[in-house]
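Here's a structure to explore with a few short notes. Have the viewer open and follow along as you read.

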Amino acid sequence: MASYLTNGETKRDETAAERNTASLEVFSSIRCDHLLTRSPHNTQLSYHDCNAPSQFYMLRFHRDRMLAAVDELGWIEARGFLEGPSGVVRLNQVLQDHLVNSHNSAQVSQPLKLRIAVNSRGHTSVTSISLPSLPLSSLLFSHFPPTLSRLPPSIDHPNSDRSWRVFISPTPVSPSLFTRHKTTERAVYDEARSHIPTTPQSDLPDNVLSEILVANHRGEVMEGSITTPYFWRRGRWVTPPASAGGNTGTTRRFALEAGSCVEETVMRQSVAEGEAIWLSNGARGWGWGEIEKLDGQGSDGSISSSPIRHG
Ligand SMILES: C=C(O[C@@H]1C=C(C(=O)O)C=C[C@H]1N)C(=O)O
């Protein structure tokens, strides 16, 4: 039976075993953008032994993260679909088929978020929604923007065409298989996002998104509910280590392998109101965020009195 970490302890995971049913799916959200076909860097991150340009953002990394999830779940048939160089080709084909069937074209002009899911039997499904256009520099770069020699950003950094308002969830999270991997079991993230104030969102410009960070019971930031966060600490960018229990996303892997950031524990108490951070995900690339506090929350994310909940 699978085991997982809760509050730093290893426990038998009967819940995970029970949820290992036909309804559970492993998924990844991947950007489809014709601009990416101009990037040799993206080509390199997309296939094993193929130099064909790809419109899918870091396809191979998405395959790898899905493979890690199905392995932990013990899904043999799903592994059969995803594994090896041919697994990437199969994933590519499923995404291409979706474009043709749902968008009447193998290449679309408007960027899309493609959500590809696989179940325990290795069956896949794809859905898609439109995404805003972004410059290639928000998706792929050889130096983390800004380069490591730059000081921490201000929120109105001129290179930023997207910003996030970022909160810290008041509810500590127990790391599990469902936080280490991206699956349809999303109770932790749904609970965290329920704390995001909804009323002011309608007053925000369209290009400002909302994110909420989650921390474990030791007070270590694990991840964002839909992004990976990067913090400026001691002269370099750091992202929470996998040992904190969060998702190891595709863009996080890219930044770490590029040497643009390092893994380092980030305590929630160290995250200051007004602090500017980077955020990334596999559909929207990189953008700036600014830490805001929830009503009733101290600047370190602690709850001093009953929080006022919106929505
Ligand atoms: C919390 C989840 O994972 C986030 C998703 C991405 C991504 O889609 O690229 C990156 C970082 C993660 N914190 C989730 O949606 O499952």
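## Around the ligand

Start with R186: an N or O atom in its side chain lies 2.8 Å from an oxygen atom of the ligand. K182 does something similar, with a side-chain N or O atom 2.6 Å from a ligand oxygen. Keep in mind that you're looking at a predicted model.

T227 joins in through its backbone: a polar backbone atom of T227 is 2.8 Å from a nitrogen atom of the ligand. How much of the ligand's accessible area does the protein cover? On its own the ligand has 380 Å² of accessible area, and the protein covers 99% of that.

In total, 13 residues surround the ligand. The ones that come nearest are K182, R186, E223, T227 and G282.

## The sheet

Now zoom out to the strands. Strands of a sheet pair through backbone hydrogen bonds, and they can do so parallel or antiparallel. Here, eight strands make an open sheet with mixed pairing, and their order is β8-β7-β6-β13-β12-β9-β10-β11. Strands β8 (221-224) and β11 (262-263) sit at the edges with a single partner strand each, so one side of each has no neighbour in the sheet.

Want to see one pairing in detail? Strands β6 (residues 163-168) and β13 (residues 285-291) run parallel and are joined by four bridges. Look for V166, whose bridge partner in β13 is I291.

## A helix on the sheet

Helix α8 (residues 250-257) packs on this sheet. It touches β9 (228-233), β10 (236-239), β11, β12 (276-281) and β13. The direction of α8 makes about 35° with that of β9.

Notes
Residues are numbered from 1 along each chain as its sequence is written. This is a predicted model: local features need pLDDT of at least 70, side-chain atom pairs count only at pLDDT 80 or more; totals for chains, interfaces and linings use all residues. Side-chain values use heavy atoms; hydrogens and water are left out. Two strands pair if DSSP finds at least two bridges between them. Helices (H or I, at least four residues) and strands (E, at least two) are DSSP runs, numbered from the N terminus. Contact means heavy atoms within 4.5 Å. Axes are lines fitted to C-alpha atoms, for helices over the stretch in contact, and angles run from 0 to 180 degrees between N-to-C directions. A residue is near a molecule or strand if one of its heavy atoms lies within 4 Å of it. A polar contact is a pair of N or O atoms within 3.5 Å; within protein, one must be able to donate a hydrogen and the other to accept it, and residues adjacent in sequence count only if both atoms are side-chain atoms. Accessible areas come from the Shrake-Rupley method with a 1.4 Å probe; for residues, only the protein chains shown count as cover.
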